[in-house]
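Grab a pencil and open the viewer. Here are some exercises for getting to know a new structure, each with a solution worked out step by step.

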Amino acid sequence: MDECNLDKNEHLNNSAPCVSRRNFLLAGASTFVLSTMPGMAHAFKLIVKEHSPLRVASLSQLTEGNPVEFMFPLDNPMSSFTLVKLGERGAGGVGKDQDIVAFSNLCTHMGGPLNGSYKAKHKVLGPCPLHLTTFDLTRHGMVVSGHATQTLPQARLEIMGDDVYITGVMGLIYGQAGLI
Amino acid sequence: MSNKMVNKSETEVLLPPKNVEVFTTACDYCITGCGYKVYRWPVGESGKPTPEGNAFNALYPVGPLSGQWISENQHNVVDVDGKKHNVVIVADKDTKVVNVGGDHSIRGGTIAKKCYNPDSPTKDRLKYPQVRINGKLERISWDDAIDIMAEISNYTIEKYGVSSWAMKMFSYQYWENTHALTKLAFQGVQTPAWAVHDQPTGHGPDTPGMSDAGIDNFSACYEDWSLADVLFIAGTDPFESKTIIFNEWILPAMRRGMKVITVMPRKTAGVAYAEKLGGLYLEINPGTDTLLLNAMARIIVENGWEDSEFVNKWINNRAELDQEVFQADGFDDYKRWVTTYKYAELDIAVEKTGISAEDIYKAAEMLARPNEDGSRKKASFGFEKGLYWSNNYANTAAITALGLICGAGNRPGQVISRFGGHQRGMMPGGHYPEHLAPEKFPGWKKQGIDLDRWVEEGKAKFVWVVGTTWIQAMTASKRLKDKIHNLTSGHTYQPSKLDKDHIIETFKQRMDNDGMVMVDQDIYPVKPINTELADIVLPASGWGEEDLTRANGERRIRLYSKFNDSPGESLPDWKIAAMFAKRMGYSGFDWKDSNEVFEDAAFYNKNRRTSYVALVEYARKHGRRAHELLRDMGTTGIQAPVRWEDGKLVGTKRLHDSTLRTGTPTGLTAINPSWLRKFKTKTGRANLLKANWEMFGDYWEFMKPRENELWVTTGRINELWQSGFDDQMRRPYIKERWPDNWLEIHPEDAKVRGIESGDRVLISNDRIPIEIGGYSKSEQDRKVRGVVPLQANADIDEVDLLAQVVDHQHVTTDGIRASGMGNPDIIESDELLMTMDPVERPLRNKPTDSNNASIPDDPDADPIMKHLESAIGMKWEDVKPMTFGEMQKNGYIELESASFEAVAIVTDAVKKGVSFTYFNLPSSVGATNSLAGRVLDPVSQRPRYKLARGEVKKIGESEYKHSLAQMSFKSRNIV
């Protein structure tokens with residue numbers, strides 16, 4: 001169990017001490033709780049359970065607006081994520097333009113599959129095929145419109161060379177009773 | 001490193017262990033009233049994610065639609081008898097009604113965060129009675145607060161009359177509370193100075209064109225919204241404001257092929273999705289619905305697409321009075337009228353509504369054109385405030401007439417109904433004393449007091465406000481706010497020490513010096529009503545803190561269980577009302593608990609739409625308490641009116657249901673009013689009403705935007721409930737989404753004003769029309785408005801007031817004749833009248849029964865709206881003096897200025913020329929409703945909230961423009 005405070009702007013610049021790449025990759029197997037980020041952190045504690053980094057994409061093959069999907073940490077649909085290069089800065093984004101983000105594909109309303117629903121024009125995931133909820137991928141997965149009771153869980157991404165790694169998940173994924 | 005360690009438990013969800021206590025309830029918020037369960041257990045324990053380890057018997061992770069997943073916003077820690085307990089509050093996954101399978105909105109889904117928890121933003125709940133001393137609220141005891149209130153109430157009632165004692169209250173926050181409060185006002189004090197939260201009056205139906213047609217405005221059940229072939233929705237998007245009616249009833253039906261036509265100035269998500277599935281979006285200019293609906297009706301009858309079989313059987317074939325404004329003399333008369341009436345012409349509809357002729361024709365065709373085999377499509381009609389709070393009488397009359405000629409109104413999937421806003425929580429405790437209200441409009445029956453004007457005119461000396469923001473909730477409210485400030489916290493006489501006698505004496509002096517004393521009863525500090533203005537602030541308890549009941553939008557009654565302590569010394573509203581009533585010496589307030597109030601109220605309201613007297617009789621027969629019977633019924637509850645037939649309690653699915661089969665009544669009180677199977681008129685047939693434009697057109701022309709201005713219309717959105725007191729202000733998850741008030745503006749309108757999303761804008765208007773005066777004994781008030789001064793009015797010293805004021809030459813049983821009174825225009829041959837109905841018809845004998853002859857017998861009438869309910873039998877000369885133009889001529893209109901601020905959201909979801917904002921956020925700068933004109937509907941005296949115009953200009957950038965942490969500017973209608 002480890003924990004740190006994180007200034008919002010620092011976080012957005014991806015240079016906060018606790019979640020710097022070095023810290024992330026070097027810290028032991030533990031859970032990061034980023035508890036006092038203004039705005040977001042009031043709403044849901046930025047909970048990051050750390051995993052061994054999993055390579056999920058290669059930078060050179062990512063093109064703006066064309067999402068890729070991956071499973072993490074388990075190889076099942078309850079662990080499905082969409083990773084996308086937004087083309088504009090996103091909260092928690094990585095890469096030169098801080099525009100590479102990844103989110104859980106399970107709608108936090110009732111678990112509807114968001115796979116394949118990315119709208120490049122709006123940088124939004126959704127609408128959920130069940131009840132039409134949409135999520136803003138530039139703003140930590142905030143609900144744009146709809147019914148979800150928490151923001152869409154966001155992946156912690158790291159870049160090493162040309163490789164994009166997922167190292168943890170912020171927020172509770174639909175269906176889970178705890179962090180995965 | 002943080003010095004605030006986060007508990008390990010917060011990194012995992014707290015699962016309810018096996019065998020925890022479970023309470024059933026329903027959501028506190030919108031009309032839908034979804035069923036919820038509260039799982040409660042002592043702090044320190046937690047369930048396990050295996051079937052044998054938790055109350056859901058679930059193995060985690062659980063799959064989609066399981067209804068067993070718990071997010072962080074569904075958990076809280078509450079006090080139960082002073083001990084800390086966990087609660088998990090989730091939609092009932094097992095329910096087969098309303099929110100089938102545990103579906104929920106974002107509002108109800110996060111309702112656990114509503115509970116009082118001193119370690120959360122709910123910590124500022126009001127906990128103790130307070131009194132304002134030297135401008136600052138200080139704690140006093142309940143005893144002292146009630147003593148002071150009783151003392152000054154007696155003083156003002158005795159000296160200034162009962163109408164100087166006023167109450168402004170929520171109409172919906174549970175039957176036990178509304179019953180006790182209205183019993184106090186109507187049976188105890190017997191004051192006519194009483195109004196509900198959403199209008200300056202509170203009497204008469206909200207959708208009068210519908211009730212005059214004979215249709216109860218909550219006659220449908222939710223299933224009806226899924227049974228139509230074509231659903232016509234006006235003035236609302238259920239996706240945004242009654243989420244689960246959309247999710248569980250409309251959405252699946254659309255996916256099965258139901259087509260939805262929506263009339264709105266905004267293409268919200270539900271509208272966009274309906275359009276995607278083959279529906280039709282009619283992008284209307286605010287306030288022009290009557291013209292659209294009339295034009296559609298004309299197209300239908302011109303093509304012979306009406307449902308003749310239904311019309312022949314179910315429509316009244318004659319009017320009650322000759323020359324009356326609204327009621328048609330049967331279908332033939334309606335057809336003649338609608339095919340010749342200027343304001344049913346397609347060209348005029350196209351010009352004013354901004355909708356193309358093709359779309360208007362297509363809408364009429366979709367609804368009414370018979371299929372090729374001659375069969376008809378089932379059409380239903382649902383509407384809400386965009387329709388009825390812009391042009392109240394005419395819009396509701398027009399949509400009902402359109403629905404009736406399409407064969408809707410009394411069959412499954414063929415209904416005409418409101419969707420609803422808040423839940424149905426009014427259970428009157430007395431009759432509104434209309435004989436004490438001073439106004440009697442020409443030819444018209446008594447009018448209830450307009451409490452805003454009453455206060456502004458200095459007629460109220462004591463006002464008790466319960467659970468409403470009042471000021472921001474009203475139209476053109478700046479004047480009201482300024483006036484209340486001058487009368488209360490801005491008045492010379494202010495208590496200067498915490499001494500009961502001193503406080504009472506000071507308040508009496510204030511009342512004697514044209515001031516007013518105000519009590520506000522609420523659960524939170526509310527700007528400005530109790531933070532700046534009220535003299536005494538009383539802490540109320542609320543949802544989950546008392547066993548309470550009410551009905552949802554399909555008349556479904558549930559028990560809303562108490563499951564936690566209310567904070568401090570706060571008390572349920574019914575108990576506060578009873579304490580005060582007993583101190584005043586009124587009888588009938590000796591209730592021991594909320595169940596006793598519930599049972600008492602049943603017998604007073606046995607013919608009401610939400611009648612449950614059978615439930616109470618059944619309970620008593622079986623030695624049970626009525627609340628406990630309801631508890632047994634859980635989230636399913638029972639639909640009112642509740643009937644006791646063949647030994648069993650039976651709910652009523654829909655009203656006016658020609659397919660309804662009833663059994664043999666068992667109880668003493670047979671619940672079998674004719675309107676269960678027929679329409680709510682004396683004949684059981686519906687009335688077709690002619691919705692004229694003349695009584696509204698002058699106001700619309702005045703209110704429509706001038707150069708550089710935009711329409712400024714208001715409404716609800718999914719994420720927020722009412723004034724945002726729970727969510728927008730105290731739920732961080734929601735507050736980060738909507739940290740401030742906002743204004744949706746079309747990209748072209750934004751561009752010419754240099755406005756981008758995230759900019760802070762000022763919306764202002766300096767020509768807001770407001771109705772003023774009318775309550776003096778001036779000759780004009782007497783003649784134009786029929787004002788009969790009250791004996792209660794201190795400034796009136798005549799002895800026999802009624803005899804002096806009423807000119808018997810001009811009085812009939814129908815009220816005061818306008819001829820020879822007031823403005824000479826009233827008696828001139830009226831070309832407007834001729835335009836509305838140019839054909840001379842032979843005179844007929846009037847029914848001896850005076851007006852309202854087609855309205856049902858009194859036992860079926862709502863106690864609050866009794867005698868104030870209908871415009872049937874009105875003549876144009878009765879209506880005209882109360883139209884905007886006439887009121888202007890008679891000096892009853894003034895122009896005011898107001899403004900508010902908002903964060904711009906540039907979106908093509910809103911029509912060009914129209915802007916949209918949330919209707920009431922006390923946390924914002926300025927009140928959005930303050931731009932809406934305060935000129936009431938001439939017939940129904942209902943406000944026209946949705947019509948405002950203003951200039952919109954950028955005043956800077958908001959902090960959210962470049963933030964990635966708060967507020968989203970993305971399109972909300974991506975489907």
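The exercises below start with confidence, then go through the chains and some local details.

Two notes before we begin. This is a predicted model, in which local features need pLDDT of at least 70, side-chain atom pairs count only at pLDDT 80 or more, and totals for chains, interfaces and linings use all residues. Residues are numbered from 1 along each chain as its sequence is written, while chains are lettered from A and ligands numbered from 1 in the order in which they are written.

**Exercise 1. Find out where pLDDT stays under 50 in chain B.**

Step 1: get the term straight. pLDDT is the predictor's confidence in each residue, from 0 to 100.

Step 2: check the averages. Chain B has a mean pLDDT of 90, with 89% of its residues at 70 or more. For chain A the mean is 78, and 72% of the residues reach 70 or more.

Step 3: look for the weak stretches. In chain B, pLDDT stays under 50 over residues 1–11 and over residues 789–834. Chain A has such a stretch too, at residues 1–46.

Step 4: draw the lesson. Where pLDDT is low, don't read the predicted coordinates in detail.

Step 5: note the overall scores. The model gets ipTM 0.91 and pTM 0.91.

**Exercise 2. Describe the make-up of each chain: how many helices and strands are there in chain A and in chain B?**

Step 1: count the elements. Helices (H or I, at least four residues) and strands (E, at least two) are DSSP runs, numbered from the N terminus. Chain A has three helices and twelve strands; chain B has 32 helices and 31 strands.

Step 2: look at burial. A residue is buried if 20 or more other C-beta atoms lie within 10 Å of its own, exposed if 12 or fewer, and partly exposed in between, with C-beta atoms placed from the backbone. By that rule, 57% of the 180 residues of chain A are buried, and 64% of the 975 residues of chain B.

Step 3: look at contacts. Two residues are in contact if their C-beta atoms, placed from the backbone, lie within 7 Å. Take the contacts between residues at least 6 apart in sequence: in chain B, 77% of them join residues at least 24 apart. In chain A, 46% of such contacts are between residues 24 or more positions apart.

**Exercise 3. Work out why the buried residues of H11(B) line one face of the helix.**

Step 1: list them. Helix H11 of chain B covers residues 330–340, and its buried residues are Tyr334(B), Lys335(B), Trp337(B) and Val338(B).

Step 2: look down the axis. The buried residues of H11(B) fall within an arc of 165° (taken from the directions from the helix axis to the C-beta atoms), so they line one face.

Step 3: see what they meet. The buried residues of H11(B) pack against helix H9 (289–302) and helix H15 (392–405) of chain B.

**Exercise 4. Spot the unusual backbone: which residues does each cis peptide bond of chain A join?**

Step 1: recall the usual case. Most residues other than glycine have a negative phi, and most peptide bonds are trans.

Step 2: find the cis bonds. One joins Phe72(A) and Pro73(A), with omega about -5°; Pro73(A) sits in the loop between strands E4 (68–71) and E5 (80–85) of chain A. Another joins Gly126(A) and Pro127(A), with omega about 5°, and Pro127(A) is in the loop between strands E8 (124–125) and E9 (134–136) of chain A.

Step 3: turn to phi in chain B. Tyr174(B) isn't a glycine, yet has a positive phi of about 85°. Tyr174(B) is in the loop between strand E7 (165–169) and helix H3 (175–189) of chain B, and is buried, with 27 other C-beta atoms within 10 Å.

**Exercise 5. Place Lys18(B): is it buried or partly exposed?**

Step 1: locate the residue. Lys18(B) lies in the segment before strand E1 (21–26) of chain B.

Step 2: count neighbours. Lys18(B) has 15 other C-beta atoms within 10 Å, so it is partly exposed.

Step 3: name its contacts. Apart from neighbours within four places in sequence, Lys18(B) touches Gly47(B), Asn54(B) and Ala55(B). The C-alpha atoms of Lys18(B) and Asn54(B) are 4.8 Å apart, though 36 residues separate them along the chain.
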